[in-house]
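Work through the exercises below with the structure open beside the text. Each task is followed by a solution in steps.

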Amino acid sequence: MEPKTHADLEVVQAKKIATQYKVKENYKTNTKDVDMTKRIVQSIANTYLFFDSDQDVLLPNSGAKTISEKGPDSTGVAKIKNVKDHVISDRIGKPQVIEEKKMDGREVVYCESKMLTTTLGNDQLIEYQEGVIDQHSIGFRYMGIDLVTSDDEAWKVWMGRLINPEDAEKAGYMFLVKEYDLFEWSPVSFGANKLSQYLGVKSNNIEGMVLKLHSRLDLLERQLKSGKQSDYAMLDYELETRQLKQIISELFTTEPSIKATLLDQRRQREDTQREKATELSMCPSCLKEFNHDPGDNKCPSCGKFADSTTVAENFDWDKALKETTFIKF
């Protein structure tokens with residue numbers, strides 16, 4: 001197991017819970033079937049019990065609550081959407097079925113969506129049929145997470161259920177996602193777990209990304225001021241606002257890896273110890289100078305303990321001589 005502290009992992013866990021809008025690629029989120037006549041596309045939007053690049057493992061039934069409250073059969077207004085490349089305004093289909101089930105020996109989120117008769121919906125249906133796009137990604141928010149490390153009793157239990165336990169073994173820890181709030185699922189041209197990749201600007205062009213963000217925020221502001229939005233549109237704006245907040249966080253908050261952070265902390269401790277070890281202390285009994293290791297300031301000459309704050313280079317010999325009382329015989 002790589003050097004990590006439990007406190008550091010708890011910080012990561014807290015940051016996950018605070019994430020506004022997470023985009024996650026997953027294992028074999030492929031298309032299952034395309035019915036051109038009925039315009040129905042069957043796909044797997046998410047796979048459970050897979051240790052992914054975020055060290056997350058989404059558990060079976062972790063989406064049950066959100067599907068019940070916002071699925072196609074629910075009475076909720078803010079229903080789960082089927083969009084393209086996580087762009088909320090680019091709806092490609094109307095969800096018909098969203099359910100957690102076992103398929104091909106795996107626990108998955110299975111979806112059926114009827115492609116819209118729009119230009120985008122038609123194009124997407126053709127791309128599905130031709131196999132141009134065969135991967136999916138979800139947009140969601142963490143709701144409940146448990147941290148499990150290789151020292152915990154539950155570790156072996158979960159390792160026995162994972163699709164790829166060898167990856168979890170290398171990390172030595174995993175975040176078990178017990179519940180998540182599903183916003184949408186999207187067909188994507190490539191797997192990605194950062195929203196900033198969907199701005200259409202190269203990742204190293206920060207200025208371009210900032211301009212794109214400002215442009216989008218200005219558009220949303222104009223739409224809100226017009227007062228012509230339906231409740232559905234307002235919900236879309238809320239989701240997009242979450243996305244924009246998360247993009248800003250990803251662009252300007254660079255988090256060091258846990259391993260790198262711990263190594264830096266260890267180096268700092270070692271440097272501090274070396275500095276302390278090279279300090280000269282003076283024994284108050286025999287007035288001899290000596291080097292000492294941290295926590296061990298015993299004088300090697302007389303055996304008395306010296307005050308670690310008494311450093312030889314700070315000793316004022318002139319002052320000491322003036323204050324010394326000599327006995328005359």
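**Exercise 1. Follow one hairpin.**

Task: Find which residue of β6 stands opposite Val83, then describe how β5 and β6 are joined.

Solution. Step 1: Val83 stands opposite Arg91 in β6. This model is predicted.

Step 2: That pair belongs to β5 (81-84) and β6 (87-103), which pair in the antiparallel sense over three bridges.

Step 3: The two strands form a hairpin with two residues between them. Asp85 sits in the turn and has a positive phi of about 50 degrees.

**Exercise 2. Continue to the next hairpin.**

Task: State how many bridges join β6 to β7, and in which sense the two strands run.

Solution. Step 1: β6 and strand β7, residues 106-115, run antiparallel and are joined by 10 bridges.

Step 2: For a pair to look at, take Lys102, whose bridge partner in β7 is Glu107.

Step 3: Here too there is a hairpin with two residues between the strands, and its turn holds Asp104.

**Exercise 3. Judge two residues by phi and exposure.**

Task: For Asp104 and Asn61, give the sign of phi and decide whether each is buried or exposed.

Solution. Step 1: Asp104 lies in the loop between β6 and β7. Its phi is positive, about 55 degrees, although Asp104 is not a glycine.

Step 2: Asn61 is found in the loop between β4 and α2 (64-70). Asn61 is not a glycine either, and has a positive phi of about 75 degrees.

Step 3: Most residues other than glycine have a negative phi.

Step 4: A residue counts as exposed when its relative accessible area is over 50%. Asp104 has 57%, so Asp104 is exposed. Asn61 has a relative accessibility of 57%, so Asn61 counts as exposed.

**Exercise 4. List the neighbours of β9.**

Task: For β4, β5 and β8, state whether each pairs with β9 in the parallel or antiparallel sense, and locate one bridge pair in each case.

Solution. Step 1: Strand β4, residues 56-58, pairs with β9 in the parallel sense over three bridges. Within this pairing, Leu58 stands opposite Val177.

Step 2: β5 also pairs with β9 in the parallel sense, over two bridges. Asn82 has Trp185 of β9 as its bridge partner.

Step 3: Strand β8, residues 135-149, runs antiparallel to β9, and 14 bridges join the two. His136 stands opposite Pro187 in β9.

Step 4: To finish, check how covered β9 is. The strand spans residues 173-188, and 13 of its 16 residues are buried.

**Exercise 5. Describe the surroundings of Ser43.**

Task: Decide whether Ser43 is buried or exposed, and name residues that Ser43 touches.

Solution. Step 1: Locate Ser43 in strand β3, residues 40-47.

Step 2: The cut-off for buried is under 20% relative accessible area. Ser43 has a relative accessibility of 2%, so Ser43 counts as buried.

Step 3: Leaving out residues up to four places away in sequence, Ser43 touches Asn30, Thr31, Lys32, Val109, Tyr110, Cys111, His136 and Trp185. Two of these names appeared in Exercise 4: His136 as the residue opposite Pro187, and Trp185 as the partner of Asn82.

Step 4: For a distance along the backbone, take Asp33, 10 residues from Ser43 along the chain. The C-alpha atoms of Ser43 and Asp33 are separated by 6.9 Å.

**Exercise 6. Examine the second largest pocket.**

Task: State how many residues line the second largest pocket, and which element gives the largest share of the lining.

Solution. Step 1: The lining has 13 residues, and those nearest the centre are Lys79, Ile80, Arg91, Lys94 and Pro95. The elements that give two or more residues to this lining are β5 and β6.

Step 2: β6 supplies the largest share, with five residues.

Step 3: Sorted by class, the lining has six nonpolar, three polar and four charged residues.

Step 4: The space in this pocket is about 360 Å³.

**Exercise 7. Summarise the chain.**

Task: State how many helices and strands the chain has, and what share of its residues count as buried.

Solution. Step 1: The chain has nine helices and 11 strands.

Step 2: It has 329 residues, and 41% of them count as buried.

Step 3: Among contacts with a separation of 6 or more, 66% are between residues 24 or more positions apart.

Step 4: The chain exposes about 18,800 Å², and carbon and sulfur atoms supply 50% of that area.

Key
Residues are numbered from 1 along each chain as its sequence is written. This is a predicted model: local features need pLDDT of at least 70, side-chain atom pairs count only at pLDDT 80 or more; totals for chains, interfaces and linings use all residues. Side-chain values use heavy atoms; hydrogens and water are left out. On a 1 Å grid over the protein atoms alone, a cavity is a set of points where a 1.4 Å probe fits but cannot get out, and a pocket is an open set with protein on both sides within 12 Å along at least five of seven lines; lining residues have an atom within 4 Å of a point. Grid points are joined across faces, edges and corners, and a volume is the space filled by probe spheres set on the points. Helices (H or I, at least four residues) and strands (E, at least two) are DSSP runs, numbered from the N terminus. Ala, Val, Leu, Ile, Met, Phe, Trp, Tyr, Cys and Pro count as nonpolar, Asp, Glu, Lys and Arg as charged, and the others, Gly among them, as polar. Buried means under 20% relative accessible area, exposed over 50%, partly exposed in between (1.4 Å probe, protein chains only). Two strands pair if DSSP finds at least two bridges between them. Contact means heavy atoms within 4.5 Å. Accessible areas come from the Shrake-Rupley method with a 1.4 Å probe; for residues, only the protein chains shown count as cover.
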